[in-house]
Structures are given as C-alpha cells and as structure tokens.
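Reader: I have just opened this model and would like some help with reading it. Could you walk me through its features one by one?

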Amino acid sequence: MFDLFTYDFMIRAFLAGALVGIIAPIIGLFLVVRRYSLMADTLAHVSLVGVAGALISGGNPVVGALIASILAAFGIEHLRSSRKLYGESVLALFLSGSLALAVIIMGLAHGINVNFLSYLFGSIVTVSQLDLLVIASLGLLTLALMVVCYRQLFFISFDEELAKANGLPVKLLNIILIVLTALTVSVSMRIVGILLVGALMVIPALTAIQYGKSFKKTLVLGVLFSLSSVLIGLYSSYYLNVASGGTIVVVTLLFFTISLIFNRKG
Amino acid sequence: MSTVTEPLIEVSNLYYAYNDTPVLDHISFSIEKGSYVGIIGPNGGGKTTLLKILLGLLQPKSGTVRVLSKSVSDLKDKYRIGYVPQRVADTNIQFPATVQELVESGLTPKKPFFGTLSLKDKKRIEEVMHLARIEPYKNRLISKLSGGERQRVYVARALVSEPQILLLDEPFVGIDVASQNQFYTLLQELNTKEKLTILFVSHDIDVISSQVKQLLCLNKRIVCKGEPQSILESEMVEELYGKKVTHLHHE
C-alpha cells in the first residue's frame, strides 16, 4: 500500500507537496478576502514567461518564474494603486499578455518541448533534489514573512483605506502580499502545474470560509483541507496513473462541494 | 511647562479641489479637547473630504492643517485619531473574522511587525468591548451581527488604540433607530467620561443637533459654526442647503 515511498522521487514529491499544501491556502485566504482570487492565476501565467526564458537560456526555471512574477507583481501593484485601470482589468492584462509572450519565447526555441509541458501541468517525477531545496527555502521564507506581517496583512485585508488612515505602510504591505503570492506560485508549480496553482491557493480557502469560526481558525482549516488534498491527490494519482496536479485540484473541489452541502454556518 | 493648551485640530485657510472643481475653500476653524462637533451640510459639500484631509488621506491644495499639534503629514502615531468610515457597516460583511479579532486589529498600527499583545492590550480590548456593549458576542463572526451591532464593533476597534480624537462619517446609514439611540448614548459617555473629542459627520440635522455641543455647517466653505440651538433658530440652515428645511425638534 505504501510501496510508492520506495521511490526517491515520490518522497521528494510528498515533501514538496506538503510544504505547498501548507503555504498555498494561507496566502490564498488573504487573496480571497481582498477579492484578489485571480492574482495567483495571473502571477502563474506571468511565471510561464520566466520558465520559458530559463528553459531556452539554460537557467533554473523556478528562479526564472520567481523573477518574472516578482517583477510583474510590482507592475500590477503600481497600476492598481494608481487607479488608472480597474483592479480586475490589470490582472487580465498581465494574465493574457504574459501567456502570449511565453508562447513566443517557446516558439523561438523551435517548438514547445516536453519540459515546458511539465511546468504547465506539474510533474512530480521531475522534482529534483535541487528543486526540493529551492522549494523548501522559498516555502520557509514565505511562512516566516507571513508570521511577521500577519497582523498588518489582516488589517489591510479588511479595510485598506482605514489602514492608510491609521498610518500603516499600505503600499509596502501590498507588495509583500503580492511577492508572497509570487513565491507561492513558483514553489507550487512543480507539484500542481502553473495552470492549476491558482486553484490550490483559492479553493481550500473558499472551503475553509464555509466552516471557519474566526479568521485564525479559517486559516488552520484551509491548511488542513489543502494539505489533505495534496496528500490524497498525490497518493491516488500514483495508483490511478493519472496527472497529479489535476487529481489534487479535483480533491480540493470535492472538499469544497461537500462543504457547500454540509455547511455548519448555514 | 506651558499651561496654554493648543487646539487638538487647527485648520487654517484650507483649500481642496478634485481636478479643478473646488470642494473646500477658505476653511478655517479650530477644535478644542473634549469638543463634540457635528458636521452638517448638503451632499458634495465637502464633509467627507474634510475628514479625509484631517486623516492625511488627502493632501490640501493649500492652507495648513494641524492635528494633535503637528502637521498631518508629519504625524507619526496616526492611531491617535480614531476613524469610523462611511457605510462601514455594509462593507466586507463576509470577511471571516470574529468581533474580538476585529477589535484587536485596532491595535495593529501601534504594534511593530511581529508584535504580540501585552496583558495591558488584552485588558484594553476587554474594556472597549464592554464599553461598546459587544462583549456578549465577542466570539461571533461579524457576518452574523446586525448592522447596529457591527457599527459598535467598528467604533470599539477605533477606540482600542486610545485615540484622542474620534472621526465618524455618517455611521448610521442603514441602521435602525433603536441601535442609533444606543450608539448616541455610547458617544455621550465617551465624550463626557473619557473627554474624547468627537467629530461626527451627519445628514440628519435634527438628531445630531440634539446630541452635539457644536455644529459646523459646511457647503464648500464654512457657512456657520456654533451652538446647535442658535444655528437652528437662525436662517443659516436655509442658507446652507439653499432651501427651506423643516425641523423636527428632539428633546
């Protein structure tokens, strides 16, 4: 029953998956309550540009994704806070624009290669020792930043204008949240794939909101739902011989559907 | 030490415009500690803009604004000004936080990053929840409260950082009369017992006049300022709104 753990790549996948399962819903909940659910998806698409760039130049794709998404994060925050464009339209602009750019870059590399597809849909078999190390360091950095800024992020998520009136560094905090999102996207893409990262961040948070009796409890529940989804998804995808990313997201959806039917908060 | 007390708020020759449309012009007034001032005036008269300038959310185009003896832009500890924004009871209702979590968040601006709550902080949180009569449902989600209850949570949050000034921007939109009365009682207590200085923007001239010590009538400029009774008896209100206004007298 546990023969899958005889493979090193499976152990690495579970370790990386567990870390992703913990951080994704924490950042996800902050995005959801700020009505920024599409931010994760947008940064995921932007990180494709970084992955494509790294693949044709021989760099590390996770690092490439991180650089691209952090640069975009600054651009998005600048356009959003200057209020020159509607919030959602900024996301649409970056989401589709970066996909176009990534496709062109990969085209220059004479056709989309298999490696690129593994980033689109996730491929746990390809998680190397180095990937695990990068994922673990970035994941721990994300958790540490979240612990340090928790109170401030809570405040700006509830009311940004009030936070500004009370003298909180709102601009800096917004950038921290987007950089945390960018970090999470880069860390998660090996496991669930760029196209499904957003789902892992948002769906467990939505499920947790159905049951959460406080913000902190909602965060904890989100982590439980997400972590269980990742572990169940990885496990079943191995035995059913199907894509791990898709399976994980389907499990998060199952939890969400059940939460809608049996919603204690009514 | 000097015994002369500086006004808590001092506005001099303030001018503000959105694009090229003036919203506030030639505004000068000062507010002493312990005042309870109602700000009234027609829509678009600049009431909310004035509050936002006092909070440093908008910068005056010209003139000076001093709050707590400092120019607003230099004021570091802005949590000393409590603020309850317009329509706050209707916004972000689904936010999955409890009453206590929201009240606690009022202390965040006082805390450094990674700051934890001290025993004194926890005592203060209990104290304001008791004062705002929200203690019985401190563990309830804010989405499960009525508009009036939620409003009191936001006031408690504004009070928890022990502000010297409380700014309220039409806090009663969509709130039933019984809740309003409870709320006015709370404000009276804060003003008399804790000597809290309150600026209350309202469109309900009659009710606010029965509560506050002073009225400031605003329609791009200051039309009148003084005791409510004398303003209501004069023709000032008519001038303020540009038409005859019927009063209902509240005892």
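Reader: Which element gives the most to the lining of the largest cavity?

Author: First the general idea. On a 1 Å grid over the protein atoms alone, a cavity is a set of points where a 1.4 Å probe fits but cannot get out, while a pocket is an open set with protein on both sides within 12 Å along at least five of seven lines; lining residues have an atom within 4 Å of a point. Helices (H or I, at least four residues) and strands (E, at least two) are DSSP runs, numbered from the N terminus. Here β6(B) gives the most to the lining of the largest cavity, with three residues. The full lining consists of Phe155(A), Leu162(A) and Asn166(A), together with Ile81(B), Gly82(B), Tyr83(B), Gly106(B), Arg157(B), Ala158(B) and Ser161(B). The elements giving two or more residues to this lining are β6 (81–84) and α4 (147–159) of chain B.

Reader: Before we go on, how should I read the numbers and letters?

Author: Residues are numbered from 1 along each chain as its sequence is written, and chains are lettered from A and ligands numbered from 1 in the order in which they are written. This is a predicted model, where local features need pLDDT of at least 70, side-chain atom pairs count only at pLDDT 80 or more, and totals for chains, interfaces and linings use all residues; side-chain values use heavy atoms, with hydrogens and water left out.

Reader: How much space lies in the largest cavity, and how do its lining residues divide?

Author: A volume is the space filled by probe spheres set on the points, and grid points are joined across faces, edges and corners. For the largest cavity that gives about 60 Å³. Ala, Val, Leu, Ile, Met, Phe, Trp, Tyr, Cys and Pro count as nonpolar, Asp, Glu, Lys and Arg as charged, and the others, Gly among them, as polar. By that scheme, the lining has five nonpolar, four polar and one charged residue.

Reader: How many cavities of 30 Å³ or more does a search of the whole structure find?

Author: The search finds two. The second largest holds about 30 Å³ of space, and its lining is made of Arg34(A), Tyr36(A), Glu77(A), Arg80(A), Asn174(A), Leu177(A) and Ile178(A). Helix α8(A) supplies the largest share of that lining, three residues. Three of the lining residues are nonpolar, one is polar and three are charged.

Reader: What about the pockets?

Author: The largest pocket has a volume of about 1200 Å³. It is lined by 31 residues, and those nearest its centre are Arg34(A), Arg80(A), Arg83(A), Glu160(A) and Glu161(A). Its lining divides into eleven nonpolar, eight polar and twelve charged residues. The second largest pocket holds about 210 Å³. Its lining has eight nonpolar, five polar and no charged residues, with the largest share, three residues, coming from α10(A).

Reader: Which cysteines form a disulfide?

Author: A disulfide is a covalent bond between the sulfur atoms of two cysteines; here the test is a pair of cysteine sulfur atoms within 2.5 Å. The whole structure has one over all chains. Cys217(B) and Cys224(B) form it, with their sulfur atoms 2.3 Å apart. The torsion about their S-S bond is about -90°, so the disulfide is left-handed.

Reader: Is Cys217(B) buried or exposed?

Author: Buried means under 20% relative accessible area, exposed over 50%, and partly exposed in between (1.4 Å probe, protein chains only). Cys217(B) counts as buried because its relative accessibility is 0%. Its partner Cys224(B), at 6%, also counts as buried.

Reader: In which order do the four strands of the open sheet in chain B lie?

Author: Strands of a sheet pair through backbone hydrogen bonds, either parallel or antiparallel. Two strands pair if DSSP finds at least two bridges between them. In chain B the order is β2-β1-β4-β5, and the pairing is antiparallel. The edge strands are β2 and β5 of chain B, each pairing on one side only. Seven bridges join β1(B) to β2(B), and Glu10(B) has Ser30(B) in β2(B) as its bridge partner.

Reader: Where is Asn19(B) placed?

Author: Asn19(B) sits in the loop between β1 (9–18) and β2 (21–31) of chain B. Its phi is near 55°, a positive value in a residue other than glycine. At 76% relative accessibility, Asn19(B) counts as exposed.
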